[in-house]
Amino acid sequence: MRALLWVVGVVAGVLILLGLLLEAVRWLIIIGVVALVIVIVWGVVKGRQAVHHQGRRR
């Protein structure tokens, strides 16, 4: 009976940790996607500024 309680406790702990880990991974993916979009937009803006400045010099 004691071993069964240990097994149930360990399984419950693993499930709780797995749930927290998956939640954290989901948030990390969301943050990563947002950061990627920001970097892409920033790159496009800087690229347009560089092209615009290069056109002025001529």
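## Arg26 and its partner

In this predicted model, R26 has a relative accessibility of 44% and therefore counts as partly exposed, since that class lies between the limits of 20% for buried and 50% for exposed residues. R26 forms a salt bridge with E23, and the closest N and O atoms of the two residues are 2.7 Å apart, a distance that falls within the 4 Å allowed for such a contact. E23 is likewise partly exposed, its relative accessible area being 36%.

The spacing of the two residues along the chain bears on this pairing: R26 and E23 are three residues apart in helix α1, which covers residues 2–57, so that about one helical turn separates them. Side chains of opposite charge can pair when their charged atoms come close. The structure holds one salt bridge, and it is the contact made by R26 with E23.

## Fold and overall dimensions

The secondary structure of the chain amounts to one helix and zero strands, the helix being α1, residues 2–57. Taken along the principal axes, the C-alpha atoms fill a box of roughly 85 × 10 × 5 Å. The radius of gyration of the chain is 25 Å, whereas a compact globule of 58 residues would have a value near 10 Å.

A pair of residues illustrates distances along the chain: I30 and G13 are 17 residues apart in sequence, and their C-alpha atoms are separated by 26 Å. I30 lies in helix α1 and, with a relative accessibility of 38%, counts as partly exposed.

## Exposure and the nonpolar surface

How much of the chain is buried? Buried residues make up 0% of its 58 residues, where buried means a relative accessible area under 20%. The chain exposes about 5600 Å², and carbon and sulfur atoms supply 78% of that area.

Part of the surface is a nonpolar patch of about 1100 Å², made by V7, V11, L15, L18, L21, L22, V25, I29, V33, V37, V41 and V45. Among these patch residues, V45 lies in helix α1, and V45 counts as partly exposed at 40% relative accessibility. That value is over the 30% relative accessible area asked of a patch residue, so V45 meets this requirement with its 40%.

Note on methods. Residues are numbered from 1 along each chain as its sequence is written. This is a predicted model: local features need pLDDT of at least 70, side-chain atom pairs count only at pLDDT 80 or more; totals for chains, interfaces and linings use all residues. Side-chain values use heavy atoms; hydrogens and water are left out. A salt bridge is a side-chain nitrogen of Lys or Arg within 4 Å of a carboxyl oxygen of Asp or Glu. Helices (H or I, at least four residues) and strands (E, at least two) are DSSP runs, numbered from the N terminus. Buried means under 20% relative accessible area, exposed over 50%, partly exposed in between (1.4 Å probe, protein chains only). The radius of gyration is taken over C-alpha atoms; the globule rule is 2.2 Å times the number of residues to the power 0.38. Accessible areas come from the Shrake-Rupley method with a 1.4 Å probe; for residues, only the protein chains shown count as cover. Patches are made of residues with over 30% relative accessible area and no salt bridge: like charges are joined within 9 Å, nonpolar side chains (Val, Leu, Ile, Met, Phe, Trp, Tyr) within 5 Å.
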